[in-house]
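Here is a short set of exercises to work through with the model open beside you. Try each task before you read its solution.

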Amino acid sequence: MNKIGRNDACHCGSGKKYKKCCLEKDRQAERQPHHIEPSHEEKQAMLNAPSNMTEFMAALKDMKWDNESYRQLAEELFPQLYKDYEHKEDEKLFVLYNALIIWNGFCRKESPRFRKPGGFKAALEQLFTKALDIPVTQADLAAKYEVATTTLSKSSGQLSEFMEQLTVSQ
């Protein structure tokens, strides 16, 4: 679903600009918690975490991706995270796999739009490091992916909101 611009004609057909018509009402609706139930495949995938990076990459390739850029981001980011951080292999792989499932579910349900993947790469790395209690600052991640800290915060907030919706539904 494409997002409507503030100055576009309103989707309700009133002929007014969106910002003068339904924008605020739509924002209020977005703030309301949504019920998102993980699919059966997503639940099964969480239980069947791969035991090595080869299995992880095979699982990544087997996932359904609605947009090639979402899959590309995953193929670039997750192997790099695996290499970049020293941690117990099984824990690292489990957290990495869960982050992949979150990214895939987020992409399938929210269809995020981005010109550059750095914001979501940084947000996913933040999620990964936080889960493993690895201290990394937002400023460091923003610099690593050449994005503003506000971009990282926004992307991280979108992922967090999606995860909250998942926990509410369980």
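**Exercise 1. Find out why cysteine 10 is not part of a disulfide.**

Solution. Start with distance: the cysteine sulfur closest to that of cysteine 10 belongs to cysteine 22, and the gap of 3.5 Å is too far for a bond. The cut-off for a disulfide is a pair of cysteine sulfur atoms within 2.5 Å. Keep in mind that this is a predicted model. Next, widen the search to the whole structure, and you get 0 disulfides. Finally, look at the surroundings: cysteine 10 is buried at 6% relative accessible area, and cysteine 107 is buried too, at 1%.

**Exercise 2. Describe the overall fold of the protein chain.**

Solution. First count the elements: there are 8 helices and 0 strands. Read from the N terminus, the order is therefore α-α-α-α-α-α-α-α. Then turn to burial: 40% of the 170 residues count as buried.

**Exercise 3. Locate the patch of positive charge on the surface and place one of its members.**

Solution. The patch brings together Arg6, Lys17, Lys19, Lys20 and Arg27. Take arginine 27 as the example: it sits in helix α1, residues 23-31. Its relative accessibility of 36% makes arginine 27 partly exposed.

**Exercise 4. Work out which parts of the chain the salt bridge of lysine 144 ties together.**

Solution. Begin with the partner: the side chain of lysine 144 meets that of aspartate 84, with 3.3 Å from N to O. Now place both ends. Lysine 144 belongs to helix α7 and aspartate 84 to helix α4, so the bridge ties together parts 60 residues apart in sequence. As for accessibility, lysine 144 is partly exposed at 40%, and aspartate 84 is partly exposed at 35%.

**Exercise 5. Contrast the two ends of the salt bridge between lysine 92 and glutamate 89.**

Solution. The side chains meet at 3.7 Å, N to O. Both residues are in helix α5, 3 residues apart, which means about one helical turn separates them. Now check each end: lysine 92 is buried, at 4% relative accessibility, whereas glutamate 89 is partly exposed, at 41%. Elsewhere, Lys61, Glu68, Arg71 and Glu75 are joined into one network by salt bridges that share partners. Another pair to look up is lysine 64 with aspartate 66, whose closest N and O atoms are 2.6 Å apart. The search of the whole structure gives 9 salt bridges.

**Exercise 6. Find two residues with an unusual sign of phi.**

Solution. Recall the background: most residues other than glycine have a negative phi. Serine 111 is not a glycine, yet its phi is positive, about 45°. Serine 111 is in the loop between α5 and α6 and is partly exposed at 29% relative accessibility. Aspartate 133 also has a positive phi, about 55°. Its loop lies between α6 and α7, and at 70% aspartate 133 counts as exposed.

**Exercise 7. Compare sequence separation with distance in space for two loop residues.**

Solution. Start with lysine 88, in the loop between α4 and α5. Lysine 88 is 44 residues from leucine 132 in sequence, and their C-alpha atoms are 9.6 Å apart. Then take arginine 113, in the loop between α5 and α6. Arginine 113 and tyrosine 70 are 43 residues apart in sequence, with 9.8 Å from C-alpha to C-alpha. Lysine 88 is exposed at 55%, and arginine 113 is exposed at 58%.

Conventions. Residues numbered from 1 in each chain as written. Predicted model: local features only at pLDDT ≥ 70, side-chain atom pairs only at ≥ 80, totals over all residues. Heavy atoms only, no water. Buried < 20%, exposed > 50% of the residue type's maximum accessible area, 1.4 Å probe, protein only. Patch = residues over 30% accessible without salt bridge, like charges linked within 9 Å, V, L, I, M, F, W, Y side chains within 5 Å. Areas by Shrake-Rupley, 256 points an atom, 1.4 Å probe, with all protein chains shown as cover. Salt bridge = Lys/Arg side-chain N within 4 Å of Asp/Glu carboxyl O. Lys, Arg positive; Asp, Glu negative; His and termini not counted. Charge placed at Lys NZ, Arg CZ, Asp CG, Glu CD. Helix = DSSP H or I, 4+ residues; strand = E, 2+ residues; numbered from the N terminus.
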